[in-house]
Amino acid sequence: MRTARRSLGCCYYPEHWSPQIWQSDAEKMVETGLTWVRIGEFAWSRLEPQPGQYDWTWLDRAINILGTAGLQVVLGTPTATPPRWLVDQEPDMLAVDIEGRVRKFGARRHYCFSHIGYRQHCARIVTELAKRYGSNRYIAAWQTDNEYGCHDTTISYSAAARSAFQVWLRNRYPGPGNDGDITALNTAWGNVFWSMEYDNFEQIDLPNLTVTDANPSHHLEFRRFTSDQVVSFNKVQTDIIRRHSAGPIAHNYMGRITDFDHFDLGADLDIASWDSYPLGFLEDRITATEAHKEKFARQGDPDFQAFHHDLYRAVGRGRWWVMEQQPGPVNWAPYNPAPLPGMVRLWTWEAFAHGAEAVCYFRWRQVPFAQEQMHSGLLNPDSSEAPGLSEARRVAQEIAAAPTVVPGRAKTAIIFDYDADFSWSIQPHGQNMTYFDLVFESYRAARALGLSIDILPHNSGEFANYKLILVPGMIHMSDRLKAELAAGGATVIIGPRSASRTQDMQIPVPLPPNLPGLDATVTQVESLRPGMGIALEKGGHFQHYYEHLAGAAQVTERTTQGQPAMMCAGQLHYLAGWPDPQAFHRILATACAEVGIATYPLPEGLRLRETKTERFWFNYAAKTQTFDGKTFAPTAVLREPVPGTPSQ
């Protein structure tokens, strides 16, 4: 595994500020202990003020000032913010929402991934950028676009998307010549139902504005197509950059964005990064009680950031960054409190504990105009220091004494699958039931036991390296994956809803889960109203979702009514419901004990993370806590060697 060197950075927008302060900004960044500075990702209108008329003078100067001061520059491609003149040239490049409304100019991410003309303009500006700066000694890395999927901008129902979808389907269902096999598509989708059969691919529209729900098979293929469009859009840029630069390429993903396959896109990148906003995400993206949100309002959820650190470590194949780290109040959540003193430091160290190479704060200086004027930075608009700066400076001093992290493989893994998320979103079968929440609650239960966790794609091929693997809610499971999990040697807990659909979104026969050697069949499924929990004999409940099981496999969990709730054959287990926190905790603790994984009954808000050589403790609680003979003040970070290894 790659040994990462810890470093800090920030996001900077020289085009927002007078050139007279660029030099002092650069010097103060270096004085703070920052190494990296990301620039350029929103600057298209300043790089190309009019069609074909480029202005590189200001960017040349900014890069030179930053670089000579001692900073390494991450240069972003500006394709997330096409300028007004480009929209005038290509008015149909704008995305269309599910209700058929055009998403207008006046913010950002106002483009459809399928629009050929826009792709050509993107290729042109990225080519000019890469040719000019590809060999620049201060450009140490690249970022493509910015936050794919942010503001619900992945899926577009435009005419360009419709045409591209038809071409994609012809390739998906090949036939003689270039026409594709429409009969194969009709069969795969079950279009005989409701007389939905097509005569040719030109008849196929997008799955919106239908009288009732569109065919789930149609919808699933559209989601896969949309994901492929994002991947191919990004690949155009990475291919161009690599022709002119040897620098590593990243993209900055977001939290809880699941409408394209990050693993597929990450295959064309050198670094996975993500934008971490713990307080904003607590209010905006986490399913939790109001009491939980109130308790962690100034700290963020104790597990949400960690989950994404582990996810993007997997997406980046071990190499990953935080490209944007919240340093103070943000502007976009329902409520935007300030973090507790010490939380910026805690968030930064937690990223390093999960193997991050770099953590970059967003942004260097709070901007006094436009949409993000209420979004704090390391400096205030008048250049005075904001509270986050002193914490960044402290981390810089601390990592100087502990410069590297040696990643270690965890003993527990969770499989995360974007295609499963597509399927759940199309057919949730119950209100407020999402794949992400099921996976995240599995992760949260494991973290509450003090476990370090690796997140894996379905095609990892590394299943034999773990003692315990969780596969929650993976609606389609290939025969190959089932066989690999059964033969890998780990204890595997699968379910619920796993293997419940074919690749074409049909119910399989034999009935699910149809796992190797496991005589267990789901005979009926039901989603549960709040308060309708199915009680389990050993404690806790199933909530949201429950499956009726039959078969001769060993029963390891039962409902209080005596019905099978989990069945196993050897190391392979099928869990037939969505456990509440008590049941999740108990089931995982039992599994860990059986395979020899140590667990810790951590108090609420205290979390543990281990690398190969270091053990980290993080106190998310707003109160002092004690555990294992240690005392943890609010926002405490404790770094110690893993027993039996030397400290750095």
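Here are legends for a few close-up views of this structure, which is a predicted model.

**View 1. Eight strands close up into a barrel.** Follow the strands around in the order β2-β3-β4-β5-β6-β7-β8-β9, and you have gone round a closed barrel with parallel pairing. Going from one strand to the next, the twist averages 30 degrees.

**View 2. Here we zoom in on β2 and β3 in the barrel.** Strand β2 covers residues 7-11 and strand β3 covers residues 36-39; the two run parallel, joined by three bridges. Want one to look for? Find C11, then look across to R38 in β3, its bridge partner.

**View 3. Two helices pack against the barrel strands.** Helix α3, made of residues 57-68, lies across β3, β4 (72-76) and β5 (139-143). Compared with β3, helix α3 runs at about 170 degrees. Now look for helix α13, residues 343-353, which packs on the sheet and touches β2, β8 (320-325) and β9 (358-361). The direction of α13 makes about 150 degrees with that of β9.

**View 4. N215 sits in a loop between two helices.** The helices on either side of this loop are α7 (182-189) and α8 (216-244). Is N215 buried or exposed? Its relative accessible area is 10%, and buried means under 20%, so N215 counts as buried. The side chain of N215 reaches the backbone nitrogen of S217 at 3.0 Å. Setting aside neighbours within four places in sequence, N215 is also in contact with W189, N191 and M196.

**View 5. Strand β18 meets strand β19 in a hairpin.** Strand β18 takes in residues 554-558, and four bridges tie it to β19, with the two strands running antiparallel. To see how they line up, pick out E557, which stands opposite M566 in β19. Five residues lie between the strands of this hairpin, and G562 takes a positive phi near 90 degrees.

**View 6. Strand β19 goes on to form a hairpin with β20.** How many bridges join β19 to β20 (residues 572-575)? There are four, and these strands run antiparallel. One pair to spot is A569 with its bridge partner L572 in β20. Two residues lie between β19 and β20, and G570 in the turn has a positive phi of about 65 degrees.

**View 7. Strand β19 is mostly covered.** This strand spans residues 564-569, and five of its six residues are buried. While you're here, recall that β19 has bridges to β18 and to β20.

Key
Residues numbered from 1 in each chain as written. Predicted model: local features only at pLDDT ≥ 70, side-chain atom pairs only at ≥ 80, totals over all residues. Heavy atoms only, no water. Pairing = 2+ DSSP bridges. Axes fitted to C-alpha atoms, helices over the stretch in contact; angles between N-to-C directions. Contact = heavy atoms within 4.5 Å. Buried < 20%, exposed > 50% of the residue type's maximum accessible area, 1.4 Å probe, protein only. Polar contact = N/O pair within 3.5 Å; in protein donor to acceptor, adjacent residues only side chain to side chain.
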